[in-house]
Amino acid sequence: MEKNIGKDIKWLLHYMASVFMYAIIVILILIGILLLLYFIDLKTKENKADWVAPLYGAYVIASGSMEPTIMTYDAIVTKRVDSNKLDVNDIITYRSEDPYSSGVMITHRIIAIDYENGERLYTLKGDDNNTSDRLKVKSNQIYGKVVMVIPKIGYIQQILATSYGWIIAVVLPSVGIIAYDLIKLVRNISRNKRSYKRKMRLVNEK
């Protein structure tokens with residue numbers, strides 16, 4: 001009974017470490033794809049005089065202004081879209097020009113669209129905020145529309161950003177998996193040796 005419990009615990013730890021490692025690998029692949037698309041997009045537009053937002057962008061949400069739709073430490077993926085195709089209820093990421101938050105990237109929901117002097121202006125508001133953003137947003141401030149939300153990836157980013165993060169996130173699980181597989185390999189070799197000796201003993205007895 002105790003042996004079975006020990007095996008179950010080892011299997012569970014191995015399974016959890018494997019899942020964690022695969023999750024890290026998938027995240028790194030996604031980040032790599034986004035970076036590749038980002039640099040390809042930069043190259044295709046580097047000779048253009050007008051600023052254009054990246055085709056895709058990825059950001060970690062640092063506040064609870066969009067809860068419960070997007071939680072703190074969720075990651076979002078944005079896609080550049082024609083601002084004329086944006087509509088009320090779309091969630092977008094834009095660069096703030098408010099003096100209190102100048103240059104900050106904000107992700108909020110469009111609640112109204114107006115026209116002033118032929119220019120399209122967007123009123124935005126966080127789902128959890130009581131009031132809309134102070135200033136209306138112009139098309140040239142918009143980086144993209146939110147097309148994907150990845151829950152709680154920001155926590156992994158925080159861990160990986162620390163000096164010990166890579167050790168905890170990558171090295172330790174890798175060592176654990178390797179050690180488990182080595183132990184299993186040694187046991188299999190030992191079991192095969194015993195089986196071979198048993199067969200040889202039976203042959204000799206005959």
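## Contacts and overall layout

A contact here means that heavy atoms lie within 4.5 Å of each other. With that in mind, take a first look at this predicted model: among the contacts in the protein with a separation of 6 or more, 55% are between residues 24 or more positions apart.

The protein contains three helices and seven strands. If you follow the sequence from its start, the elements come in the pattern α-β-β-β-β-β-β-β-α-α. Of the 206 residues in the protein, 26% are buried. The accessible surface comes to about 14,300 Å², and carbon and sulfur atoms account for 61% of that surface.

## The sheet

The seven strands form an open sheet with antiparallel pairing, in the order E1-E2-E7-E3-E4-E5-E6. Strand E1 (56-60) and strand E6 (137-138) stand at the edges with a single partner strand each, so one side of each has no neighbour in the sheet.

To see how E1 is held, look at its pairing with strand E2 (residues 75-79): the two run antiparallel and are joined by five bridges. Within this pairing, Val60 stands opposite Ala75 in E2.

## Two nonpolar cores

In soluble globular proteins, nonpolar side chains tend to be buried together. Here, the largest nonpolar core has nine residues: Leu86, Ile92, Tyr94, Ile106, Ile110, Tyr122, Leu124, Val137 and Ile142. Strand E3 (91-95), strand E4 (105-116) and strand E5 (119-125) are the elements that give two or more residues to this core.

Another core lies apart from it and has six residues, including Ile61, Met66, Ile70 and Ile76.

## A nonpolar patch on the surface

Some nonpolar residues are found on the surface instead. Tyr22, Ile25, Val26, Ile29, Leu30, Ile33 and Leu37 form a nonpolar patch there, with about 630 Å² of accessible area together.

Ile25 is a handy residue to find first in this patch, and it belongs to helix H1 (residues 2-45). Is Ile25 buried or partly exposed? Its relative accessibility is 39%, and partly exposed covers the range between under 20% for buried and over 50% for exposed, so Ile25 counts as partly exposed.

## Salt bridges

The protein has six salt bridges. One of them joins Asp127 and Arg109, with the closest N and O atoms 2.8 Å apart. Asp127 lies in the loop between E5 and E6 while Arg109 is in strand E4, so this pair ties together parts that are 18 residues apart in sequence. Asp127 is partly exposed at 26% relative accessibility, whereas Arg109 counts as buried at 18%.

Next, look for a network of salt bridges that links Asp114, Glu116 and Lys136. The side chains of Asp114 and Lys136 meet at 3.1 Å, N to O. This pair links distant parts of the chain, 22 residues apart, with Asp114 in strand E4 and Lys136 in the loop between E5 and E6. Glu116 also forms a salt bridge with Lys136, and here the closest N and O atoms are 3.6 Å apart. Because Glu116 lies in strand E4 and Lys136 in the loop between E5 and E6, the pair ties together parts that are 20 residues apart in sequence.

How accessible are the members of this network? Asp114 is partly exposed, with a relative accessible area of 28%. Lys136 is partly exposed at 36% relative accessibility, and Glu116 is partly exposed at 39%.

Notes
Residues are numbered from 1 along each chain as its sequence is written. This is a predicted model: local features need pLDDT of at least 70, side-chain atom pairs count only at pLDDT 80 or more; totals for chains, interfaces and linings use all residues. Side-chain values use heavy atoms; hydrogens and water are left out. Patches are made of residues with over 30% relative accessible area and no salt bridge: like charges are joined within 9 Å, nonpolar side chains (Val, Leu, Ile, Met, Phe, Trp, Tyr) within 5 Å. Accessible areas come from the Shrake-Rupley method with a 1.4 Å probe; for residues, only the protein chains shown count as cover. A salt bridge is a side-chain nitrogen of Lys or Arg within 4 Å of a carboxyl oxygen of Asp or Glu. Helices (H or I, at least four residues) and strands (E, at least two) are DSSP runs, numbered from the N terminus. Buried means under 20% relative accessible area, exposed over 50%, partly exposed in between (1.4 Å probe, protein chains only). A nonpolar core is a set of buried Ala, Val, Leu, Ile, Met, Phe, Trp, Tyr and Cys residues joined through side-chain atoms within 4.5 Å. Two strands pair if DSSP finds at least two bridges between them.
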